[in-house]
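Trainee: I would like to go through this structure piece by piece. Please keep the reasoning short and finish each answer on what I asked for.

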Amino acid sequence: MTAPATSRAGGPGGSSSRASSPAAGPRDGACRLAGQAPSVPGEVPGPSGSGVSPGGGVRPRASAALAALATVRDPELDEPITSLGFVTACTVSADGDARVRLRLPTYFCAPNFAFLMVADAYDAISGVPGVRSTEVVLEDHFASDAINGGVAAQAGFAATFDGEAVSELHGLRADFLRKAVMAGTDQVCRPLLAAGASRAALLAMTLGEVPASGALDRLRQRRAELGLPAGDGAPLLIDPVTGARIAEEAVPVHLRRARLTRVSIEANGSICRGLLRHRYGSAGLGQAPEEERKAQ
Amino acid sequence: MYEKNGEKYFVVDGHMHYWNAAPDNWVPGAEQYAKGWIECFYGYHQLGPPETKWPMEKYQKYSEDDLMKDVFEDGHVDVAIFQPTYLKEWYKEGFNTTERNATMGERHPGKFVYNTRWDPRDGDVGLEMLRRNVERYGSKGCKLYTAEWNNGSRGWKLSDPGAYRYLEACQELGIKNIHVHKGPTIWPLDKDAFDVADVDHAATDFPELNFIVEHVGLPRIDDFCYMATQEPNVYAGLSVAIGAHMYIRPNFFARVMGELMFWVGEDKMTFGSDYAIWEPKWQVEGFVDWNYPDRPEFADYPKVTTATKKKILGLNAAKLYGIEVPAEFRLATDQGTPAAPGDAQLVAGA
């Protein structure tokens with residue numbers, strides 16, 4: 001693996017048309033994108049930092065805001081927008097005015113998923129104690145203006161894209177949560193199979209009988225979000241639409257599909273990380289170094 | 001052709017371009033889209049090996065000499081299939097039209113196959129254009145890009161009634177191969193634009209046509225695989241699958257290949273470099289050298305053999321397009337039939 005971060009320095013492939021000062025080098029990107037905050041490099045926090053603030057005494061609030069953003073997921077990749085590197089600025093003024101800037105891997109990323117992330121970020125920030133007003137700005141995207149305006153006006157998706165959409169995005173979100181459940185099933189089952197568990201044993205197993213792990217917590221959470229059984233007594237292998245236990249003869253295909261879904265999501269995430277890295281060349285706020293290195 | 005360890009590979013590049021995305025071709029008022037599009041492509045370009053990277057100026061508009069050297073002289077390709085992408089709302093002469101491809105290709109007889117394209121929203125005028133292109137360029141295939149913007153519309157589906165008129169016309173005109181690329185901005189925006197269910201419907205209703213889903217349905221490899229395993233006439237175009245993964249994320253590439261080998265199978269996968277997103281040379285050479293990592297997690301994927309690679313790199317596409325393959329490149333009789341349709345079934349057990 002290489003880290004070709006320097007190959008694009010000065011090249012035209014980076015941050016695009018709408019940025020006001022395109023001459024900045026890639027490593028200055030997060031600073032420049034910090035927008036309304038003063039562009040002082042020293043104020044850009046490190047990967048574990050808590051946000052940029054021109055005033056004193058509000059860092060804890062910016063930190064809480066960034067933590068709130070870490071609860072917002074890319075619905076398609078099922079990962080927090082912070083660890084994906086999508087957050088470039090997160091500030092809260094002394095008066096409680098929160099400002100967030102987001103970026104995506106390409107100019108043409110799907111507008112429906114982009115809308116969900118901007119709207120979810122808006123809701124997450126608005127719920128932070130002490131925040132009086134919220135502004136979330138998606139940058140460098142073909143539908144930036146529509147999405148930013150629609151979210152700010154709390155207009156909903158269908159009204160924001162009037163004539164191009166007929167309903168809100170709940171169905172889309174649920175479809176991708178079901179994929180996350182399938183991928184999570186593989187994450188939980190693969191170590192069990194590797195340790196010698198038979199398919200029949202997996203079929204008989206309940207969630208409470210699975211050894212504790214981060215993957216199991218995640219699977220339970222995704223199932224609960226969909227209203228699927230997620231308690232200790234719930235079967236490990238269920239249909240992600242009906243919630244019914246998988247039939248014995250369908251277990252091999254179910255496990256194969258679970259792995260396929262995981263490979264698909266992770267391959268997609270791999271491309272997104274690579275594109276983002278080469279578009280901007282800088283880590284996002286709240287993105288751990290090992291997360292950014294995944295893009296290399 | 002490519003030769004390694006005494007094995008000879010006939011190479012068909014099933015998906016490549018000759019584009020002009022330079023500012024002189026940008027539509028006034030749509031510059032941000034034209035610029036955004038080629039910058040998006042350039043992002044993918046960065047996922048290849050560093051020594052193969054181009055400056056943006058060349059990437060926007062490369063020459064005929066560049067293409068002939070990169071694809072044929074250095075890139076081991078025997079026959080290349082042009083896949084047009086019009087995008088005329090953003091690029092004045094189109095991004096990469098049938099005409100542009102053929103005007104160049106006609107100076108190099110025998111090297112190229114000229115696919116054309118259609119868009120159901122063009123109605124009767126488009127049907128007439130399709131007929132003319134087939135007559136003039138001998139097209140046996142079409143590239144369909146469902147996310148193209150057209151007169152206020154942000155996309156279409158293969159299951160649209162208008163699209164069925166065109167698919168019927170394709171059958172009448174002798175077109176065999178429909179290459180599909182699912183794009184991101186498609187009406188209605190509240191649905192998943194990458195969903196391949198419409199390809200499923202069309203493949204069922206037009207069994208005489210082959211549907212090659214480019215980029216293996218990325219970013220919906222899962223939906224694509226599950227559909228392809230049930231449809232005998234659905235194929236996997238590997239463009240982007242190799243280019244965006246094999247060098248930069250080899251473990252992901254191995255898993256993607258393993259899934260494709262299991263669900264789709266080696267007879268129904270075709271190589272495409274997606275030139276000029278990436279050059280074919282490193283992709284062909286790297287793929288011939290490639291195999292799964294020797295770890296337990298890859299143990300239950302179908303084996304990849306030399307015959308597998310020969311089929312994927314050229315023999316499958318040659319069969320689909322009726323390209324004559326010299327005897328020295330063909331498979332022995334016990335190594336299977338390239339592009340064999342009809343053995344698809346819902347995989348149970350395994």
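## Loops, helices and contacts

Mentor: This is a predicted model. B:Val216 has 27 other C-beta atoms within 10 Å, so it is buried.

Trainee: Where in chain B does B:Val216 lie?

Mentor: Besides being buried, B:Val216 has a phi near 40 degrees, which is positive although the residue is not glycine. Its place in chain B is the loop between β8 and α8.

Trainee: Which peptide bond is cis with omega about 5 degrees?

Mentor: The proline of this bond is in the loop between β8 (210-213) and α8 of chain B. That loop also holds B:Val216. The cis bond joins B:Leu218 and B:Pro219.

Trainee: Where is B:Pro188, and what is omega for the peptide bond from B:Trp187 to B:Pro188?

Mentor: B:Pro188 is in the loop between β7 (177-181) and α7 (197-205) of chain B. The peptide bond from B:Trp187 to B:Pro188 is cis, with omega near -10 degrees.

Trainee: Is A:Asp140 buried or exposed?

Mentor: A:Asp140 is in the loop between β5 (133-138) and α4 (144-152) of chain A. It is not a glycine, but its phi is positive, about 60 degrees. A residue with 20 or more other C-beta atoms within 10 Å is buried. A:Asp140 has 22 C-beta neighbours inside 10 Å and therefore counts as buried.

Trainee: Is B:Pro326 buried or exposed?

Mentor: B:Pro326 is in the segment after α11 (306-321) of chain B. Its C-alpha atom is separated by 30 Å from that of B:Glu172, which is 154 residues away along the chain. The cut-off for an exposed residue is 12 or fewer other C-beta atoms within 10 Å. B:Pro326 has 10 such neighbours and so counts as exposed.

Trainee: How are α8(B) and α9(B) oriented to each other, parallel or antiparallel?

Mentor: The axes of α8 (residues 221-228) and α9 (residues 250-263) of chain B come within 9 Å and cross at roughly 20 degrees. Angles under 35 degrees count as roughly parallel. The two helices, α8(B) and α9(B), are therefore roughly parallel.

Trainee: Which residues of α9(B) are met by α8(B)?

Mentor: α8(B) passes α9(B) in a right-handed crossing. On the α8(B) side the contact has B:Ile221, B:Cys225, B:Tyr226 and B:Ala228; on the α9(B) side it has B:Val256, B:Glu259, B:Leu260 and B:Trp263.

Trainee: How do the residues of that contact of α8(B) with α9(B) divide by class?

Mentor: Among the residues that meet are B:Ile221 in α8(B) and B:Glu259 in α9(B). The division is 7 nonpolar, no polar and 1 charged.

Trainee: How are α6(A) and α8(A) oriented, parallel or antiparallel?

Mentor: α6 (residues 170-194) and α8 (residues 214-225) of chain A pack at an angle of about 155 degrees, and their axes are 9 Å apart. An angle over 145 degrees counts as roughly antiparallel. α6(A) is therefore roughly antiparallel to α8(A).

Trainee: What classes of residue make up the contact of α6(A) with α8(A)?

Mentor: α6(A) passes α8(A) in a left-handed crossing. The residues from α6(A) include A:Leu177, A:Val181 and A:Gln187, and those from α8(A) include A:Leu219, A:Arg222 and A:Glu225. By class, the contact has 7 nonpolar, 3 polar and 4 charged residues.

Trainee: Which element gives the largest share of the side of domain 1 of chain A that touches domain 2?

Mentor: Chain A is divided into domain 1 (25-166 + 269-291) and domain 2 (170-268). The contact takes 10 residues from domain 1 and 9 residues from domain 2. On the domain 1 side, α3 (111-126) and α9 (251-280) of chain A give two or more residues each. The largest share, 4 residues, comes from α9(A).

Trainee: Which element supplies the largest share of the side of chain B that touches chain A?

Mentor: The contact takes 46 residues from chain B and 46 residues from chain A. Elements that each supply at least two residues on the chain B side are α1 (31-45), α8 and α9. By class, that side divides into 27 nonpolar, 7 polar and 12 charged residues. The largest share, 9 residues, comes from α1(B).

Notes
Residues numbered from 1 in each chain as written. Chains lettered and ligands numbered in written order. Predicted model: local features only at pLDDT ≥ 70, side-chain atom pairs only at ≥ 80, totals over all residues. Axes fitted to C-alpha atoms, helices over the stretch in contact; angles between N-to-C directions. Parallel < 35°, antiparallel > 145°, perpendicular 65-115°, else oblique. Left-handed = near helix turned anticlockwise from the far one by under 90°. Contact = placed C-beta atoms within 7 Å. Nonpolar A, V, L, I, M, F, W, Y, C, P; charged D, E, K, R; others polar. Domains from an automatic or database assignment.
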